Amino acid sequence: MKILYGMQQPDEGTITVGGEQVTFHNPGDAIARGIGMVHQHFMLADNLTVLENVVLGAEKLYGIGNKARTKIKEISDAYGLNVRPDVLVEELGVADRQRVEILKVLYRGAKTLILDEPTAVLVPQEVDALFDNLRDLKSEGLTVIFISHKLGEVLSVADEITVIRRGTTVGTVSPEGTTPKQLAELMVGSELPTPETAESTVTDVPMLTVEGLHLAQTDLEGIERIILDQISFTIHKGEVLGIAGVEGNGQSELVEAIMGMRHPDAGVVTLDGTDISQTPTRDRREAGIGYIPEDRHRHGLLLEAPLWENRILGHVTERPNARGGLIDIKAARADTERIVQAYDVRTPGIDVTAASLSGGNQQKLIVGREMSHDPKLLIAAHPTRGVDVGAQAAIWDYIREARREGLAVLLISADLDELIGLSDTLRVMYRGRLVADADPATITPEELGSAMTGAATGHLEHTEDDER
């Protein structure tokens, strides 16, 4: 996709647009040919309005005032995107941000849209709305390239499916008459993995207890907003507690409060019987908290540093990275080699930069790093977002294995199948509060999605009505 968008140059091969062979030296060339890309990691500036984000870099088209606003409104209405030009992007939810990204490329005159994992952060109801938008675009004559590892979605929305494995096209099929199982076998050479955990390993020994966690924040206009509203829960040894919620409902702040990166106004955090509410982040790490951050690029890796340096991050004072107060480079390098082998990180060596690895291999390196310190508690925020199905299966296996050995896991994810499959206990977070709980054995993704949008509270029971 980077090659099609002019971000990377191919060694060989040709690209033909509208019957004419083209060469793209940069994204500007691709945009000029009507190709637009919506990246998996959204490329929006939070502190600018929707209008400012849309016109940024394309000011010459319709200016930056009323003409631009009219054009945005016109595109939004034509494709049912419901975009509000004057809202700050930081105030938008994930689904709205995605619509802004789509509008941004349409504004630049795109006739071919590349969408990279567009449903990774959406609940089922938002996915349906996005697919309606895509069908509208298609009916207007636009071409959509939809990249996803969610096979049911691909089968429901695509007219033709091309499967790529390890950089090679392994097949092109029609959705009619193709099953998810057949697609999975093309993708990974075997059946698609499922996150299901067969046996319960939950003990009655509390590992993490959070009581009355409260956090308020004052915005630029001086209005106080409650970010975390009296959050309380307990995770036991051998238990995975899953938290479902549309992004922006306080999950990130909850994780940061448990990690010591944020200081809540009230509440107590207890790890393995010890109050760590006032403990610095490094001491919490040393006490046994492993952390897979939601944004691996911003919080999990130094992209321009080699893999062995990235292995040290977050564990600078611990063995094998340190000895006698000094960093032990030789031991850290040797352990990086071990992680690369044990966690199947596909790389030419440990001296390449983290940026040169694919997203799945970056994630496996982070998981390997965190699991290598035998954590008591693992905070896993979106652990398989944007990784291929092979890496996804591997990460699920590592979490299941550690859970069997008594690890307590706080799992935050937008992948509802992952949440339902891996969790022993499920809670739903909405506007900073835990509003509902559910039994993963009986709940459906649709029921969970409904609770995430605030439509259901309390204990969620599966009913026959849901199936009808």
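Student: Contact means heavy atoms within 4.5 Å; with that in hand, which residues does His41 touch, not counting residues up to four places away in sequence?

Tutor: In this predicted model, His41 touches Asp295 and His297 once residues up to four places away in sequence are set aside. For the pair His41 and Asp295, the C-alpha atoms are 8.9 Å apart in space, although 254 residues separate them in sequence.

Student: Where is the place of His41?

Tutor: His41 sits in the loop that runs between β3 (35-38) and α2 (50-55).

Student: And what is the relative accessible area of His41?

Tutor: The value for His41 is 31%, and because buried means under 20% and exposed over 50%, His41 counts as partly exposed.

Student: Let me step back to the whole chain. How many helices and strands are there?

Tutor: The chain holds 18 helices and 20 strands. Its C-alpha trace spans about 65 × 50 × 45 Å along the principal axes.

Student: What radius of gyration would a compact globule have with 468 residues, and what does the chain have?

Tutor: A compact globule with 468 residues would have a radius of gyration near 23 Å, and the chain has 23 Å, so the two agree. Of the 468 residues, 49% are buried. As for the contacts with a separation of 6 or more, residues 24 or more positions apart account for 65% of them.

Student: What about the surface: how much area does the chain expose?

Tutor: The chain exposes about 22200 Å², of which carbon and sulfur atoms supply 48%. On the charge side, there are 45 positive and 73 negative charges, and the mean positions of these two sets are 5 Å apart.

Student: Switching to Lys104, is it buried or exposed?

Tutor: Lys104 is buried, because its relative accessible area is 13% and the cut-off for buried is under 20%. This lysine lies in helix α5, which covers residues 94-107.

Student: What does Lys104 touch, not counting residues up to four places away in sequence?

Tutor: With those neighbours left out, Lys104 touches Met43, Leu44, Asn53 and Val54.

Student: Now the sheets. What is the order of the open sheet of 4 strands?

Tutor: The order is β9-β8-β11-β12, and the pairing is antiparallel. The edge strands are β9 (224-236) and β12 (274-275), each of which pairs on one side only. In general, strands of a sheet pair through backbone hydrogen bonds, either parallel or antiparallel.

Student: Over how many bridges do β8 and β9 pair?

Tutor: Strand β8, residues 206-218, pairs with β9 over 9 bridges in the antiparallel sense. Within that pairing, Pro206 in one strand stands opposite His236 in β9.

Student: Which strands form a hairpin with 2 residues between them?

Tutor: That hairpin is formed by β6 and β7, and Arg166 in its turn has a positive phi of about 50°. Strand β6 (residues 161-165) and strand β7 (residues 168-173) are joined by 5 bridges in the antiparallel sense, and Ile164 stands opposite Thr169 in β7.

Student: Going back to phi, which residue has a positive value near 50° in the loop between β11 and β12?

Tutor: That is Asp272, a residue other than glycine with phi near 50°, placed in the loop between β11 (266-271) and β12. Its relative accessible area is 32%, so Asp272 is partly exposed.

Student: And what is phi for Asp344?

Tutor: Asp344 has a positive phi of about 55°, although it is not a glycine. The loop that holds Asp344 runs between α13 (329-342) and α14 (359-371), and with a relative accessible area of 35% this aspartate is partly exposed.

Student: Where is the cis peptide bond that has an omega of about 0°?

Tutor: That cis bond joins Arg319 and Pro320. Pro320 itself lies in the loop between α12 (307-312) and β14 (322-323).

Student: One last residue: is Gly18 buried or exposed?

Tutor: Gly18 is exposed, with a relative accessible area of 84%, and its loop lies between β1 (15-17) and β2 (20-22).

Student: How far apart in space are Gly18 and Ile231, C-alpha to C-alpha?

Tutor: Gly18 and Ile231 are 55 Å apart in space by that measure, with their positions 213 residues apart in sequence.

Key
Residues are numbered from 1 along each chain as its sequence is written. This is a predicted model: local features need pLDDT of at least 70, side-chain atom pairs count only at pLDDT 80 or more; totals for chains, interfaces and linings use all residues. Side-chain values use heavy atoms; hydrogens and water are left out. The radius of gyration is taken over C-alpha atoms; the globule rule is 2.2 Å times the number of residues to the power 0.38. Buried means under 20% relative accessible area, exposed over 50%, partly exposed in between (1.4 Å probe, protein chains only). Contact means heavy atoms within 4.5 Å. Accessible areas come from the Shrake-Rupley method with a 1.4 Å probe; for residues, only the protein chains shown count as cover. Lys and Arg count as positive and Asp and Glu as negative; His and the chain ends are not counted. The place of a charge is taken as NZ of Lys, CZ of Arg, CG of Asp or CD of Glu. Two strands pair if DSSP finds at least two bridges between them.
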